Amino acid sequence: MDDRESRLRERFTELLRQTAEAKVALDRAGGRIKGIPHYSVIEDAAHEVGQEVSRRVQQMHMRELLADQPSSAKCPKCGRQQPLKLKKRRVTSGDGPVELDELAGDCSHCRRAFFPSA
């Protein structure tokens, strides 16, 4: 493991600790957890954090993938080069709904929308 990766892992660990502390404080302040709750309530709260982190990681990975894509593509019907624009799409992941950006083309000649494959 190089220095950069080591620093990133340390930062990640610290941010996870801070996230856990904030979630516990938020649950107590909001009245979700009072006194001594059943352990399933604590576990559910932890799962919510994991699911939220998962959805955000999915969004960020997809944004990075899009950043490397060309700004135009050929229409699959007529083959003319068309500009691509970002379009939001809501998908349901294993951890709940995620709003993702994807590239979409709109061929002015064929009058059809298309989504280029990677």
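Visitor: Which residue takes a positive phi just after helix 1?
Guide: In this predicted model, helix 1 covers residues 3–29. Just after that helix the backbone takes a positive phi of about 85°, and the residue concerned is G31.

Visitor: How far apart are the end C-alpha atoms of helix 1?
Guide: Helix 1 has 27 residues, and at 1.5 Å a residue these should span 39 Å. The distance in the model agrees with that expectation, since the end C-alpha atoms of helix 1 are apart by 39 Å.

Visitor: Is K23 buried or exposed?
Guide: K23 lies in helix 1, and, leaving aside its neighbours within four places in sequence, K23 is in contact with R32, A45, E48 and V49. Its relative accessible area is 17%. Because buried means under 20% relative accessible area, K23 counts as buried.

Visitor: What distance does helix 2 reach from its first C-alpha to its last?
Guide: Helix 2, residues 39–67, has 29 residues, for which 42 Å is expected at 1.5 Å a residue. The value in the model is close to that expectation, and from first C-alpha to last helix 2 reaches 43 Å.

Visitor: In what order do the four strands form the open sheet, and which are the edge strands?
Guide: The pairing in this open sheet is antiparallel, and the order of its four strands is 1-2-3-4. Strand 1 and strand 4 each pair on one side only, and the edge strands are therefore strand 1 and strand 4. From one strand to the next, the twist averages 50°.

Visitor: What angle does the direction of helix 2 make with that of strand 3?
Guide: Helix 2 packs on the sheet, where it touches strand 2 and strand 3. Buried residues of helix 2 include A45, R55 and L66, and what covers the buried residues of this helix includes helix 1, strand 2 and strand 3. The direction of helix 2 makes with that of strand 3 an angle of about 20°.

Visitor: Which residue takes a positive phi in the hairpin of strand 1 and strand 2?
Guide: Strand 1 (residues 72–74) and strand 2 (residues 81–93) pair in the antiparallel sense over three bridges; among the bridge partners, A73 is matched with Q82 and K74 with Q81. The hairpin has six residues between the strands, and the one that takes a positive phi, near 85°, is G79.

Visitor: Over how many bridges do strand 2 and strand 3 pair?
Guide: Strand 2 and strand 3 form a hairpin with two residues between them, and K87 stands opposite E102 in strand 3. Strand 3 covers residues 96–107, and its antiparallel pairing with strand 2 runs over 10 bridges.

Visitor: Which seven residues make up the largest nonpolar core?
Guide: C107 offers a way into this core: leaving aside its neighbours within four places in sequence, C107 is in contact with C75, C78, Q82, R112 and F114. Of these contacts, C75 and F114 belong to the core together with C107. The full set is L66, A73, C75, L84, L103, C107 and F114.

Visitor: Which element of the protein chain has the lowest mean pLDDT?
Guide: The mean pLDDT of the protein chain is 94, and 99% of its residues reach 70 or more. Among the elements, helix 1 has the highest mean, 97, whereas the lowest, 92, belongs to strand 4.

How values were computed. Residues are numbered from 1 along each chain as its sequence is written. This is a predicted model: local features need pLDDT of at least 70, side-chain atom pairs count only at pLDDT 80 or more; totals for chains, interfaces and linings use all residues. Side-chain values use heavy atoms; hydrogens and water are left out. Buried means under 20% relative accessible area, exposed over 50%, partly exposed in between (1.4 Å probe, protein chains only). Contact means heavy atoms within 4.5 Å. A nonpolar core is a set of buried Ala, Val, Leu, Ile, Met, Phe, Trp, Tyr and Cys residues joined through side-chain atoms within 4.5 Å. The expected span of a helix is 1.5 Å times one less than its number of residues. pLDDT is the predictor's confidence in each residue, from 0 to 100. Axes are lines fitted to C-alpha atoms, for helices over the stretch in contact, and angles run from 0 to 180 degrees between N-to-C directions.
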